[in-house]
Amino acid sequence: MSSLTPEIGRELDRLVVGFQAIALPRWRATMAELGDPLPAYLAPVTGHLAEVFFEGRWRPELTRLRHRYLDDFVIDGSNDKLANEPWLDDDWKPVGVFREALLGNLRTRAELAAETWGTAGFGVARDGAAQSFSAATSPLCALYQPVPLPSDRAQELHHLLTYARYVRTDAHAAAWEESGLTGFDMVALEESERGLELKSLPPTLVERGWLDDDGAMSPEGIAGRAAIEDRTNELHSVPLGAVEDLDAFLDALRALATPVETR
């Protein structure tokens with residue numbers, strides 16, 4: 001396993017999570033200006049899947065893979081509406097106001113990518129992200145791999161960084177699933193790790209003794225959480241092995257600006 005894997009994971013988090021933290025509020029503001037044409041029950045999930053919808057490749061299982069930490073009620077409700085109401089045509093592509101809303105999402109992301117990274121000088125980051133993503137065999141990556149990349153260079157970089165983070169996401173999910181945990185268990189562990197007050201205690205974590213009655217992580221929980229992270233790095237290292245120069249890839253990621261709101 002490469003010692004660079006955890007650092008690459010942290011850089012992808014910085015870039016991709018930072019990007020979404022700005023892009024999604026911008027998109028929602030744009031939708032508000034248009035009178036909120038996108039139904040509220042679709043908004044939590046569909047923006048992240050815009051490029052998939054336009055290729056007619058959306059399927060219900062993709063929503064679950066992309067949003068492993070959302071409540072089943074939210075996922076199932078959105079999937080039911082998409083499958084049974086007139087938001088998609090016979091080829092599963094978006095129509096009407098849904099199509100316009102998703103086009104707005106892609107425009108927002110393209111604009112932010114250009115603002116943040118420009119259009120040149122990031123070839124190593126782009127290539128490394130593409131190489132790890134293409135080498136991944138995990139479920140979420142496999143569903144995204146046939147989707148064509150944008151022709152705009154900055155937007156292409158954003159997509160590839162996002163996809164490279166999906167490689168990490170799938171590795172992380174496989175690691176906690178191997179340990180018999182769920183996405184909600186992991187949310188609770190991460191919140192406990194940050195000292196946040198938990199709204200509810202997952203029974204699995206209490207029964208294992210990973211969390212005490214106050215939601216604090218026990219020594220067993222700390223060790224279990226660390227083991228999941230170690231396993232994540234082990235699994236993530238496999239597709240990262242396809243990257244030609246990991247040192248250069250990490251340096252290139254570090255050189256990319258953190259997305260910030262400039263408006």
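**Packing around Ser 132, helix 1 and Arg 168**

In this predicted model, Ser 132 is found in helix 7, which spans residues 123-135. Its relative accessible area is 2%; because this value falls under 20%, Ser 132 is classed as buried. The side chain of Ser 132 reaches the backbone oxygen of Ala 129 at a distance of 3.1 Å. When neighbours within four places in sequence are left aside, the contacts of Ser 132 are Ala 164, Val 167, Pro 239, Leu 240 and Val 243.

Helix 9 (residues 153-178) also packs against helix 1 (residues 5-33), their axes coming within 9 Å and crossing at roughly 130°. Helix 1 and helix 9 are therefore oblique to each other, and helix 1 passes helix 9 in a left-handed crossing. From helix 1, the contact is made by Thr 5, Gly 9, Leu 12, Asp 13, Leu 15, Val 16, Val 17, Phe 19 and Gln 20. The residues supplied by helix 9 are His 158, Leu 161, Thr 162, Ala 164, Arg 165 and Arg 168. By class, the contact of helix 1 with helix 9 comprises seven nonpolar, five polar and three charged residues. Ala 164 thus appears both in this contact and among the residues touching Ser 132.

A further packing arrangement involves helix 1 and helix 12 (residues 219-240), whose axes are 9 Å apart at an angle of about 85°. Since this angle lies in the range of 65 to 115 degrees, helix 1 is roughly perpendicular to helix 12. Thr 5, Pro 6 and Ile 8 of helix 1 meet Asn 233, His 236, Ser 237 and Leu 240 of helix 12. The contact of helix 1 with helix 12 divides into three nonpolar and four polar residues, with no charged residue. Thr 5 takes part in the contact with helix 12 as well as in that with helix 9, while Leu 240 of helix 12 is also in contact with Ser 132.

Arg 168 lies in helix 9 and belongs to the contact of that helix with helix 1. With a relative accessible area of 10%, Arg 168 is buried. Apart from neighbours within four places in sequence, Arg 168 is in contact with Thr 5, Gly 9, Glu 229, Thr 232, Asn 233 and His 236. The side chains of Arg 168 and His 236 are joined by a polar contact of 3.2 Å. The C-alpha atoms of Arg 168 and Ser 237 are separated by 9.2 Å, although these residues are 69 residues apart along the chain.

Definitions and conventions. Residues numbered from 1 in each chain as written. Predicted model: local features only at pLDDT ≥ 70, side-chain atom pairs only at ≥ 80, totals over all residues. Heavy atoms only, no water. Helix = DSSP H or I, 4+ residues; strand = E, 2+ residues; numbered from the N terminus. Buried < 20%, exposed > 50% of the residue type's maximum accessible area, 1.4 Å probe, protein only. Polar contact = N/O pair within 3.5 Å; in protein donor to acceptor, adjacent residues only side chain to side chain. Contact = heavy atoms within 4.5 Å. Axes fitted to C-alpha atoms, helices over the stretch in contact; angles between N-to-C directions. Parallel < 35°, antiparallel > 145°, perpendicular 65-115°, else oblique. Left-handed = near helix turned anticlockwise from the far one by under 90°. Nonpolar A, V, L, I, M, F, W, Y, C, P; charged D, E, K, R; others polar.
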